[in-house]
Amino acid sequence: MVRGVKAFHRYGVVGLVVAQMCATTALVSVPGVAIAQSASQIVVEGNRRVEAETIRSYFALAPGERLDAAKIDSALKALYATGLFQDVRITPSGGRVIVVVVENAVINRVVFEGNRKVKDEQLQAEVQSRPRGTLSRAIVQADVQRIIEIYQHAGRYDIRVDPKIIELPNGRVDLVFEISEGGKTGVAKINFVGNQAYSDWRLKEVIKTGETSILSFLKSNDIFDPDRMEVDRDLLRRFYLKSGFADVRIVSANAEYDPSRRGFIITFVIDEGPRYTFGTVDIVTSVTGIDPNVLRSRLRTQPGAIYNADAVEKTVEEMTIEVAKLGYPFASIKPRGERNYESRTVDLVYTLEQGPRAYIERINIRGNSRTRDYVVRREFDIVEGDAYNRALIDRAERRIKNLNYFKVVRITTEPGSGPDRIIVNVDVEEQPTGEFSVSGGYSTADGFIGEASVGERNLLGRGHVVRAAVQYGTRARGFELSFVEPYLLGQRLALGLDGFAKQQTSSQYTSYTSTTIGGNIKLGFPITDAVVGQVRYSAYQQTLKLPQQFENCNNLNPGSPWFYPTSLTGLNGQPIIDPSTGAPFAATCYYDGEASLAVKRELAGGPVFVSLLGYTASYNTLDNNRNPANGLLISLNQDFAGVGGDVNFFKTTVDSRLYNEFLPDIVGLWRVQGGYATGWGGQELRMLDHFQGGPNMVRGFQPAGFGPRDITPGSNQDALGGSMFWATSLEVQTPLFFAPKDFGMRLAAYADAGQLWDYKGPQTWSEFGLIMTCPNQPQTVPCIGDSDIVRSSVGVGLIWDSPFGPLRFDVAYPITKASYDKTQIFRFGGGKQF
């Protein structure tokens, strides 16, 4: 050991024991005998910074009072409790008491060595030893334990902390914590015992903790955390309660370290009990003036449905709010269930009673070092002075947790200044809300694409959301800026502002390059817990551009906007010579492709400014927005363009998805979608404003692969789109049980069908003086394929919820199609933050 450096793992404990032994020996020698008659007979030695009178005061000797063994024992404990002394010895001598003290040194600085994974600032904020404070062995040992806990929460259970002191002149010391961090301790295995209704794979989706795998370097949920394990225990319980298992018990959650695997084995022991359905559902009231039938519209629990504790909880909340609106703020609703074990039903009665008249005296927000108080308070539907209602308090707690600003949210109550007053305490623990990400992905439609973004979900602690992103890829590039104020004017109205610029270059799917620059103003508002509305205004400018080789063919009217040079030129600007004739190529300009006339028509109009108003109404009862197993999602969108600008159209789309876990771990999906678009005010619908048929409707087709198309021989045969469409899909998803759950792989089998028709663009080109070559058509009529045939396909897919983001691989085979449709048997897409 370096000279002047001392280790003291148990020094304080030993010193305390020795001092107590000395004091006990001194007292035993004169049991029950008065040792000193006044404070002046207490002699203090060894003190350097602490005044002698201060030390004598701990003996609590009143004038004329004698000092006995009990007072000496009490003084000894009190002096040690101050933390000012390393050693205290009390010895009777004649008629006096000699108190010899060894003062604790003063800490000059606190130093951390060997810590690479945890910053000095974080450790300094957690330890109690402070520069210019006294050195206390007990506090140092507590600091050691706290540092160990910090590392254990980060998953490092091999942590070692050695506290050492470096002695300096004048009774000062440097306190050094030497840290050996060790490696991370992961979760080697997660076991479930007693689960019959759900497989281990399904339950691992419910909990937050994951197992260590070859992809562990991309995630952090596989690090053992006892706090997270307790959260998992509650998640499992809530999952079973909302799935019909009213008697479920999570008997235990144990973690054992396995040295051979260098990780923890976590075991959840579950007592599922039987699955119940709702029997009779009734409402009774003891409050005069309230008709129970008025509240039936608020029921989310129906006879015959699977028992769902979440539905019971939400019913109580909605009934409580409705009763308060009727003028009964103190009424309470208590659900009571009676189990019928033979029929496995729960007869449910919502009992409405007049509760105690209690008011909220104060709402305290504690622990929010960054987030403003009002950001938390606005999640409450009640304020100081309102009637206290537990259901509304629980609702506020759930909302605050959903903000995702805090690691911990806990709401408790305490008595107020009077018997009818209640104080509500909201304790929170902040967590980081800033985000910086680099994204990468690939799809068969857009090629490779990368994105860098920076965002903040709680800007300046005010709850504002800001984000800036830049994308650059093979065929797509652009940037986006967004800002969201979630509570406009203090109301539950979310204001969103977006600015964007996007460019989509020409590819095998489209002949043209499209550049769009604009912005959106959005206003979102909740109607109920399941229904959300949004109104928006969008304004953007669209510009099309064609590669030269796609617009080098001519027509026979030099005065029209479609007149182009007849001969073809090479890269050097010289005419391309036909070697068979020795003359320049002339009439064969389709050899390098040519954009459809509909595309050229859009191009001739120049940049177009679009100004539109729209709204969205959505209904969402999904149990999980990321990986739903049950629930319904319906979205209705309508846009009205022509509020200024150059374009007039009206567009409506509907999309609905129904999920149902009809067998354990096997989820069925039925999707139905449709849309209609039309021009107005004498304007035709632009080609760009038509719907395009592709894998978003029927898999097995290219993007813009089916629907009305320009089929002029020799052209690129660009997709024109249709003004009406419908599509439906049936899909079954099941996990790959042989793959580790953390891989997140699922197999899908599906059948799709859809139809896209009714191109509303110009039906004649004579106004442009064009002469077409279209089989069996007049020369001035566009050559358009617009079959009303229903396209259909079947296929299988592999869905991977990977650390890189959701990836999907599909192999689909078209069953019915038109002769000019473009198919795509294999499709791959995905990508995310890493």
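## Briefing: buried parts, salt bridges and a surface patch

Of the 834 residues in the protein chain, 43% are buried. Keep in mind that this is a predicted model. The chain carries eleven helices and 36 strands. Take the contacts between residues at least 6 apart in sequence, and 61% of them join residues at least 24 apart. About 41,400 Å² of the chain's surface is accessible, with 55% of that belonging to carbon and sulfur atoms.

**The nonpolar core**

- The largest nonpolar core has 43 residues, and the ones that touch the most other members are Phe192, Leu203, Leu236, Tyr240, Phe268, Tyr350 and Leu352.
- Leucine 236 is a handy way in: setting aside neighbours within four places in sequence, leucine 236 is in contact with Phe192, Leu203, Val206, Ile207, Ile250 and Phe268.

**Helix α8 and what packs over it**

- Helix α8 covers residues 309–325, and its 17 residues should span 24 Å at 1.5 Å a residue. The C-alpha atoms at its ends sit 25 Å apart, which agrees.
- The buried residues of α8 are Ala309, Ala311, Val312, Thr315, Val316, Glu317, Glu318, Met319, Thr320, Glu322 and Val323.
- Their cover includes two helices, α7 (226–241) and α10 (390–402), along with the strands β11 (277–285), β12 (331–340) and β13 (345–354).

**Arginine 395 and its charged company**

- Arginine 395 lies in helix α10, and with a relative accessible area of 10% it falls under the 20% cut-off, so it counts as buried.
- Its side chain meets that of glutamate 317 in a salt bridge, at 3.7 Å from N to O. Glutamate 317 belongs to α8 and arginine 395 to α10, so this pair ties together parts that are 78 residues apart in sequence.
- Both partners, arginine 395 and glutamate 317, are buried.
- Beyond its neighbours within four places in sequence, arginine 395 is in contact with Glu317, Ile321, Asp381 and Asp529.
- Zooming out, a network of salt bridges links Arg238, Asp310, Glu313, Glu317, Asp381, Arg395, Arg398 and Arg399.

**Other salt bridges**

- The count for the model comes to 44 salt bridges.
- One of them pairs the side chains of aspartate 174 and arginine 109, 3.1 Å from N to O. Aspartate 174 is in strand β7 (residues 172–180) and arginine 109 is in strand β5 (residues 106–113), so the bridge ties together parts 65 residues apart in sequence.
- The two ends of that bridge sit in unlike settings: aspartate 174 is buried at 6% relative accessibility, whereas arginine 109 is partly exposed at 46%.
- Glutamate 353 and lysine 334 form another salt bridge, with their closest N and O atoms 3.9 Å apart. That pair links distant parts of the chain, since glutamate 353 is in strand β13 and lysine 334 is in strand β12, 19 residues apart.
- Glutamate 353 is partly exposed, with a relative accessible area of 25%, and lysine 334 is partly exposed too, at 40%.

**Helix α11**

- In helix α11 (residues 597–604), the buried residues are Leu597, Ala598, Val599, Lys600 and Glu602.
- Strands β23 (531–545) and β30 (709–710) are among the elements that cover them.
- Just after α11, glycine 606 takes a positive phi of about 75°.

**Alanine 677**

- Alanine 677 has its place in strand β29 (residues 666–679), and at 0% relative accessibility it counts as buried.
- Not counting residues up to four places away in sequence, alanine 677 touches Phe650, Lys651, Leu685, Asp689, Phe691, Ser723 and Lys760.
- Alanine 677 and aspartate 639 are 38 residues apart along the chain, and their C-alpha atoms are separated by 9.4 Å.

**A nonpolar patch on the surface**

- Leu497, Ile521, Tyr537, Phe609, Leu613, Phe640, Val643 and Trp680 form a nonpolar patch on the surface, and together they have about 640 Å² of accessible area.
- Phenylalanine 609, one of the patch members, is found in strand β26 (residues 608–620). At 34% relative accessibility, phenylalanine 609 counts as partly exposed.

Note on methods:
Residues are numbered from 1 along each chain as its sequence is written. This is a predicted model: local features need pLDDT of at least 70, side-chain atom pairs count only at pLDDT 80 or more; totals for chains, interfaces and linings use all residues. Side-chain values use heavy atoms; hydrogens and water are left out. Patches are made of residues with over 30% relative accessible area and no salt bridge: like charges are joined within 9 Å, nonpolar side chains (Val, Leu, Ile, Met, Phe, Trp, Tyr) within 5 Å. Accessible areas come from the Shrake-Rupley method with a 1.4 Å probe; for residues, only the protein chains shown count as cover. A salt bridge is a side-chain nitrogen of Lys or Arg within 4 Å of a carboxyl oxygen of Asp or Glu. Helices (H or I, at least four residues) and strands (E, at least two) are DSSP runs, numbered from the N terminus. Buried means under 20% relative accessible area, exposed over 50%, partly exposed in between (1.4 Å probe, protein chains only). Contact means heavy atoms within 4.5 Å. A nonpolar core is a set of buried Ala, Val, Leu, Ile, Met, Phe, Trp, Tyr and Cys residues joined through side-chain atoms within 4.5 Å. The expected span of a helix is 1.5 Å times one less than its number of residues.
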